[in-house]
Amino acid sequence: MSKNNIINFLKQHKDIYPEYFEKNRLQKIKYGYTCDINQIYCYLNEIDITKTDYFRFFKLIETYFDLNNLNIAEVGCGYIPILSSIIKQNSNCEITAINNKIIINNYNNIKTLETDLSYGFHFNNYDLIIGFRPCNITEQVIIDCFTSNKDFIIYLCPCAIEPLNINYFNKEKWTYKDWHKYLINIVKKNKNYDVNILYNHSLDDDCPIIIAKAK
C-alpha cells in the first residue's frame, strides 16, 4: 500500500479533510486510522476490498436481508460511498448514498444525495435503511425509520453523542457505551419491530449492530 497516494489525495481535497494537516497526522495515517482514511484506501485501490470492514458489513447485511430488488438508502455514507458501491456491485438493488457532503458523486454509478439528515428525512421511498457508523445522525435516522415504518441495520460508532432527549443526559460523564445503551433501549421499546443486537468481532471498534425489522 502506498501512503503517498493517500497523502496526495488528501492534499487535493484539503478543504474537505483539514484535520489531517494538523498535529503531524499525515504521518500516522494507515488503514484503520479513521473512516475517512479507510474510504480513501478503498477508492484508490490501495487495499483488497474484500479485506475491509465495508465488505464484512455487506456480508453481514446479506445474512439478514435479501437485498435483491430492494430500494436501499445508506445514511451517513461519508465523503466516498464505498459501502453503497459494494452493495450495488454484489446485488440486484437500487441504492442511494446520503451524506451532508460527498466528494465522489455517483461513484460507480451509485445515486448520491447531499443533505443533512440531522434535521429529519422521509424514508417512504426506500425499503431498507443502512448505516455504517453514521455517528451524530444515528438517533434521528432511527426516529425517521420508525416514522416511515422501515427496516434498518445500523453499525454504531464509538462516539459519546448527546441524546436528542436532553433530559436523559443527566450523567456527570456520558460515555459511548451509555449512548449505545440509550439507542438500543429506544429501539427495543418500539413494539412494532423485531430487534436483534449483535456484535461482529471482525469489525473495527467492536460496537453493537442494531438490526430492526418492521412487523
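Is Tyr193 buried or exposed, and what is its relative accessible area? In this predicted model, where local features need pLDDT of at least 70, side-chain atom pairs count only at pLDDT 80 or more, and totals for chains, interfaces and linings use all residues, Tyr193 is buried, with a relative accessible area of 5%; buried stands for under 20%, exposed for over 50% and partly exposed for values in between, with a 1.4 Å probe and protein chains only. Residues are numbered from 1 along each chain as its sequence is written, and side-chain values use heavy atoms, with hydrogens and water left out.

A search of the whole structure yields 18 aromatic pairs, defined by ring centres of Phe, Tyr and Trp (its six-membered ring) within 6.5 Å, with planes under 30 degrees apart counted as stacked, over 60 as edge-to-face and the rest as tilted. One of them is the tilted pair of Phe146 and Tyr193, at 5.2 Å centre to centre and 55 degrees between the planes. This pair links distant parts of the chain, since Phe146 belongs to helix H5 (residues 138-148) and Tyr193 to strand S6 (residues 193-198), 47 residues apart; helices (H or I, at least four residues) and strands (E, at least two) are DSSP runs numbered from the N terminus. Phe9, Tyr17, Tyr20, Tyr33, Tyr43, Tyr79 and Tyr107 form one aromatic cluster.

In helix H1 (residues 3-12), Phe9 is buried together with Ile6, Ile7 and Leu10. The buried residues fall within an arc of 160 degrees seen down the axis of H1, so they line one face of the helix, the arc being that of the directions from the helix axis to the C-beta atoms. On the other side of H1, Asn4, Lys11 and Gln12 are exposed.
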